[in-house]
Amino acid sequence: MQHPVNGDERAANSANRLDRLPISRFHRTTIAALAFAYFFEFADINTFAITAPKVREQWGADVGHIAYVTSLSFVGMFLGSVVAGGMADRLGRKRTLTLTTVWFSVWSLATVFAWDIASMGVFRVLTSAGLAAMTVVAVVYLNELFPRAKRGKFQAYVIMIGICGTPVTNLIAALVVPMGEQTWRLVYLWGALGVLFLFFLRKLVESPQWLENRGRRAEAEAVLRRLEDEAVDEHGALPAAAEPVAAAATAKPGLRLLKQRKFLFPTVLLSVLWITQTIGFFGFSSWAPTLLAAEGVSVEDSIFFVALTTVGAPLGSFLAAQVTDRFERKWALVVFGLIIAGSGLLYGLTFLPVLVVVFGFLVNLFERGYTSLAYAYSPELYDTGGRSLGTSISYGLGRLSNAFGPLIIAALYSGHGYRTVFYFIAGTWVVGAIALALFGPATRKIRLRAESAAPEPATGR
């Protein structure tokens, strides 16, 4: 088989060689694997929120107990994401993705056997660490394997499939939680099925960009040749890759990168993005069932209402897939954030069941679209050496912020009432939108250059 680039190009040209590959069987397999992992990540991430009303009844817990468990879970997310960033740099993207998925599945299973609110809190912290860790590594993994001009769309499609885990899990919870005193435990058993990701393992490859960056050029070359051969078999001859960019292998970057402005600036900006997204989204999704129940809506109805609103989540990722590669991502994020703020505020101003579902649907629709856009936007602001660490720090700080978010929400609710909570949540989205509008770098021109260089799929051999 003839390869379209010469030996010198193969030495340091992983990104350009991957950018000119048409979407092939390997890409579709990767989409399926990541979507599966995301499905159970999204299934598991809200399990405590939707079982909390039942746990309160059974164990005599109050709103403060729920707040502390939720807050500690976000401390776990921070630790998990930062540790995963270092692991992905040291051990590789594929291996770390596998370890983190197994980790959150094991601790979700352990939650099935929780015996009081304290043991549940410990298990949720450990589960949450794995959830955030898997998310960070999956975002970087997809970014480094898919063509630059198309990765945003496929990131959104992966989220679109994965996010179905939220409404499916909520609907399952709505059915099984009312069945008995202990049936809420089955929700955590369901979340543990993410461990079946192991069945995809043989068909995934390590990121050639990571291998190249670590000086493991022979291994990077072997992976690239495999992917190119598969693409040629499926689509025909490939065009030559763009000229390679000279880059020496680097050691693990570490926190010394924080001294570099090109790393520090996007990390600060993305930290603001993820802090406002985390408080805004989890403030809504984690507290909606509990606050509705506290305001007199039955536990069963509150779970059912929230389950209906989350149907908008996969549609939001589909919407993001349609706009993410067509428009400047920062401005799409700004627009989506402002719509979420308005819809979330209106959700908090009504108790009419139809309007609760409608505005909750809109929040879930645009929030999941926002998250899909942010997953594509965040790693684009770094080079390979800083991508994993920068993404993990900013994402982790966002999750850590919600260690305080639930406490703030509990205090607002106790001191100022139900509606004040939603004023606060809407305000966080507005702050994030303003920060992106003023300081967010544009990335579309770089993607357009990659798209102009990308090949059309061949029609023959």
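# Helices and salt bridges, in questions

Me: How many salt bridges does the count come to?
Reply: A salt bridge here is a side-chain nitrogen of Lys or Arg within 4 Å of a carboxyl oxygen of Asp or Glu. By this rule, the count comes to 14.

Me: Before we go on, which pLDDT do side-chain atom pairs need in order to count?
Reply: Residues are numbered from 1 along each chain as its sequence is written, and side-chain values use heavy atoms, leaving out hydrogens and water. This is a predicted model, where totals for chains, interfaces and linings use all residues, local features need pLDDT of at least 70, and side-chain atom pairs count only at pLDDT 80 or more.

Me: Thanks! How many helices and strands does the secondary structure of the chain come to?
Reply: Helices (H or I, at least four residues) and strands (E, at least two) are DSSP runs, numbered from the N terminus. On that basis, the chain comes to 22 helices and 0 strands.

Me: What percentage of the 461 residues is buried?
Reply: Buried means under 20% relative accessible area, exposed means over 50%, and partly exposed lies in between (1.4 Å probe, protein chains only). Across the 461 residues of the chain, the buried share is 59%.

Me: Of the contacts between residues at least 6 apart in sequence, what percentage joins residues at least 24 apart?
Reply: A contact means heavy atoms within 4.5 Å. Taking the contacts between residues at least 6 apart, the share that joins residues at least 24 apart is 86%.

Me: Back to the salt bridges: which residue pairs with E228?
Reply: The closest N and O atoms of this salt bridge are 2.8 Å apart. The pair links distant parts of the chain, 211 residues apart, with E228 in helix α12 (residues 217-235) and its partner in helix α2 (residues 14-19). E228 is buried at a relative accessible area of 2%, and the partner is buried at 0%. That partner is R17.

Me: Are E219 and R216, which meet in a salt bridge, buried or partly exposed?
Reply: Their side chains come to 2.8 Å, N to O. E219 has a relative accessible area of 38% and R216 has 33%. Both values give the class partly exposed.

Me: E380 also forms a salt bridge; which residue is its partner?
Reply: The closest N and O atoms are 2.4 Å apart. E380 lies in helix α18 (residues 353-380) and its partner in helix α17, so the pair ties together parts that are 51 residues apart in sequence. E380 counts as buried at 18% relative accessibility, and the partner is buried at 0%. The partner is R329.

Me: Which residues do salt bridges that share partners join into one network?
Reply: E228 and R17, the pair linking α12 and α2, belong to this network. The full set is R17, R20, E221, R225 and E228.

Me: How are α17 and α21 oriented relative to each other?
Reply: Helix α17 (residues 329-348) and helix α21 (residues 418-439) pack at about 170°, with axes 8 Å apart. Axes are lines fitted to C-alpha atoms, for helices over the stretch in contact, and angles run from 0 to 180 degrees between N-to-C directions. Angles under 35 degrees count as roughly parallel, 65 to 115 as roughly perpendicular, over 145 as roughly antiparallel and the rest as oblique. That makes this pair roughly antiparallel.

Me: How many residues in the contact of α17 with α21 are nonpolar?
Reply: Among the residues that meet are W331, L333 and V334 in α17, and F422, W429 and V430 in α21. Ala, Val, Leu, Ile, Met, Phe, Trp, Tyr, Cys and Pro count as nonpolar, Asp, Glu, Lys and Arg as charged, and the others, Gly among them, as polar. The contact has 2 charged and 3 polar residues, and the nonpolar ones number 17.

Me: How far does α21 reach from its first C-alpha to its last?
Reply: The expected span of a helix is 1.5 Å times one less than its number of residues. For the 22 residues of α21 the expectation is 32 Å, and the reach is close to that, at 33 Å.

Me: Finally, which residue lies 124 places from I31 along the chain with its C-alpha atom 8.4 Å away?
Reply: I31 lies in helix α3 (residues 25-45) and counts as buried at 11% relative accessibility. Leaving aside neighbours within four places in sequence, I31 is in contact with F146, F154, V158 and I161. The residue you are after is Q155.
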